[in-house]
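Here is an informal walk through a protein–DNA model, written for someone at the bench. Have the sequence and the 3D view open as you read.

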Number of protein chains: 2
Amino acid sequence: MLPQPPMQNSRSLARQLREQALLKLAQQILRQDGFAGLTMDRLTALSDVSKGTLYNHFSSKEDVLTALSVDSLERLQHLFQLALNFNGHSRERALALHYAYHRFSAAEPTLFLCLLTAATPGVMEKSSPERLLRRQQLETELLTMCQTVLSAALADGSLTLPAGAAVEQYSFINWALAFGCNALFAPLRQLGLFAGLQAGQINIQSINLLFDGMGWLPLSADWDYQASWHRIGLIFSQQLMSDPLIHPTLNQTQEPA
Amino acid sequence: MLPQPPMQNSRSLARQLREQALLKLAQQILRQDGFAGLTMDRLTALSDVSKGTLYNHFSSKEDVLTALSVDSLERLQHLFQLALNFNGHSRERALALHYAYHRFSAAEPTLFLCLLTAATPGVMEKSSPERLLRRQQLETELLTMCQTVLSAALADGSLTLPAGAAVEQYSFINWALAFGCNALFAPLRQLGLFAGLQAGQINIQSINLLFDGMGWLPLSADWDYQASWHRIGLIFSQQLMSDPLIHPTLNQTQEPA
DNA sequence: AAAAAAGTTGACGGATCGTCATTCTAGGTG
DNA sequence: CACCTAGAATGACGATCCGTCAACTTTTTT
């Protein structure tokens, strides 16, 4: 039924598995030693493949980062799927999408930073075109999921677009706000700026303001979205957030710079 | 009258001038050859100082990026000052702040990307503490300027905080939205995603939604903020946006990788 | 004028990236 | 079973780049 699955299954399957293992390892290094600790030599040394093979998978070090960001987007897509299944009205489901994004950035700060750095020109310049394309495609799909909720809201009448506004504009604004909130919290966590503000609190408050501004019913005055936020959290807690690590022993390495 | 200006004026003045020239040159390279093209060797070769002297000014390559981001923040501060002087009601002045931010990111995409990359852990890890401190200080000042407008709005009654909300939260949300909008537009400009959306249009629309959600009077239904946006633009156009380039001849270099 | 302090230089060590000639391996052929 | 070949894997190597430091020059002090 599928269009054309590559015939050489044993080959390409092993290839895929190895690529996943390499990415997992890269992620591990990133978590442990920061971005400066991630070098191709180190990645080779800790893996069971050689440099040449590594470069058979990734065209450059930056390509590894882009690959990690693709990985992140796929996990995000999975979380978004959960959010869309939330049992509630449309504005709650939109809130669930924001929750998923927030939850991911909090649970996987390293990967979220990958998302940030992968959008940096220095990284994009040196990544393989195929992977960049894949990333763009995933981003489009995620955006489509957001627009799904908006369309549903328009259909059931809880949201009405002003004249001259398009669904894409609204989804863009949502994305921008979510991105801004989570991105700003990443570096600000260690800095003192905005100290004392809870990430979750700020998030839900921002979204409420935006949705109220959009006139999305029921307004925050008429509904306890704090409670919704909490209920949404439950369906994500049940689901496993992070997959088990493949290489738990990473101790025999020299200490980072 | 000044507290204690360093006595060795001729020395430190020359030093400051040279540092400015170096930063200008770095910016030039960045514009021309992208982030990959900026290397310390190249920066030295194109300047009239040696490597050692360069490292007398900047502790590392990343420190150069942080320095550029500090530079950007200073220019942003200048633009914010202009915005605060805009003759209008408080919500218009807030809009002017957003305009300044947007205008800067559009006019100086390279520097705006510096702001992004300088917040990256890989860069922060290797920048000099003094410069990082300076950056944080500037960010605080910018944020204070935002809060000034919010406080004024609270004072004149055009804005009222709901119970349990603080001014910092509101300024954070504003900052996050502005950052998200402009950051998302940066890579998307070259990509096809969101094609056909005008950055300025999206920006003003987002802000209107947020401010309406905050209940900031006059609401967008009762005031033509499109016209305000245009009027605000005038005071920025009069002011010079970009300073003249010091090294217009940058042609004798080898072509980038 | 001599000495001390401050500033500048560019060659060098170390680290990392990405390549490529060589080696290995799986699967087919006589 | 011996041989062959296409494709994959290897790791040594050249190139690049970062940041340092001993030697040298300029400025200031004595």
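## Where the protein meets the DNA

Of the atoms of DNA strand D within 4 Å of the protein, 68% are sugar or phosphate atoms, and the rest belong to bases. Keep in mind that this is a predicted model.

So which residues sit around DNA strand D? There are 16 of them, and the closest are A:Arg18, A:Ser50, A:Thr53, B:Lys51 and B:Tyr55. Sorted by class, this surface has three nonpolar, six polar and seven charged residues.

Zooming in on single atoms, A:Thr53 has an N or O atom in its side chain 2.8 Å from a phosphate oxygen of DNA strand D. From the other chain, B:Tyr55 places a polar side-chain atom 2.8 Å from a phosphate oxygen of DNA strand D. A base gets a partner too: a polar backbone atom of A:Gly52 is 3.5 Å from a base oxygen of DNA strand D. As for the elements behind this surface, those giving two or more residues are helix 3 (51–57) of chain A, plus helix 2 (40–46) and helix 3 (51–57) of chain B. Helix 3 of chain A gives the most, with four residues.

Now for the other strand. DNA strand C is surrounded by 16 residues, and those that come nearest are A:Lys51, A:Tyr55, B:Arg18, B:Ser50 and B:Thr53. Here 67% of the strand's atoms within 4 Å of the protein belong to sugar or phosphate, with the rest in bases. The class count for the surface near DNA strand C is three nonpolar, six polar and seven charged residues.

Which elements supply at least two residues each to the surface near DNA strand C? They are helix 2 (40–46) and helix 3 of chain A, along with helix 1 (9–33) and helix 3 of chain B. Helix 3 of chain B has the largest share, at four residues.

For a quick look-up, here are some of the atom pairs between protein and phosphate:

| Protein residue | Protein atom | DNA atom | Distance |
|---|---|---|---|
| A:Met40 | polar backbone atom | phosphate oxygen, DNA strand C | 3.0 Å |
| A:Lys61 | polar backbone atom | phosphate oxygen, DNA strand C | 3.2 Å |
| B:Thr53 | polar side-chain atom | phosphate oxygen, DNA strand C | 2.7 Å |
| B:Tyr55 | polar side-chain atom | phosphate oxygen, DNA strand D | 2.8 Å |

## Where the two chains meet

Away from the DNA, look at how chains A and B touch. Here 46 residues of chain A are in contact with 46 residues of chain B. The area buried between the chains is about 3900 Å², and carbon and sulfur atoms give 80% of that. How many salt bridges cross this interface? The rule finds zero, and it finds two residue pairs in polar contact.

On the chain A side, the elements that give two or more residues are helix 6, helix 7 (121–124), helix 8 (129–156), helix 9 (167–190) and helix 10 (199–214). Helix 9 of chain A has the largest share, with 16 residues. By class, this side of chain A splits into 30 nonpolar, twelve polar and four charged residues.

Helix 6 of chain A is worth a second look. Why can it be called largely enclosed by the rest of the structure? Because nine of its ten residues (109–118) are buried. Among them are A:Leu111, A:Phe112, A:Leu113 and A:Cys114.

## Two buried polar side chains in chain B

Are B:Asn203 and B:His98 buried or exposed? B:Asn203 is buried, with a relative accessible area of 3%, and B:His98 is buried as well, at 7%.

B:Asn203 belongs to helix 10 (residues 199–214) of chain B. Its side chain makes a polar contact of 3.4 Å with the side chain of B:His102. Beyond its neighbours within four places in sequence, B:Asn203 is in contact with B:His102, B:Cys181, B:Asn182 and B:Trp229.

B:His98 is part of helix 5 (residues 90–107) of chain B. The partner here is B:Asn174: the two side chains share a polar contact of 2.9 Å. Again setting aside neighbours within four places in sequence, B:His98 is in contact with B:Asn174, B:Ala178, B:Ile207 and B:Phe211.

Terms used. Residues are numbered from 1 along each chain as its sequence is written. Chains are lettered from A and ligands numbered from 1 in the order in which they are written. This is a predicted model: local features need pLDDT of at least 70, side-chain atom pairs count only at pLDDT 80 or more; totals for chains, interfaces and linings use all residues. Side-chain values use heavy atoms; hydrogens and water are left out. Buried means under 20% relative accessible area, exposed over 50%, partly exposed in between (1.4 Å probe, protein chains only). A residue is near a molecule or strand if one of its heavy atoms lies within 4 Å of it. A polar contact is a pair of N or O atoms within 3.5 Å; within protein, one must be able to donate a hydrogen and the other to accept it, and residues adjacent in sequence count only if both atoms are side-chain atoms. Ala, Val, Leu, Ile, Met, Phe, Trp, Tyr, Cys and Pro count as nonpolar, Asp, Glu, Lys and Arg as charged, and the others, Gly among them, as polar. Contact means heavy atoms within 4.5 Å. Buried area is the accessible area (1.4 Å probe) that two parts lose on being put together, summed over both. A salt bridge is a side-chain nitrogen of Lys or Arg within 4 Å of a carboxyl oxygen of Asp or Glu.
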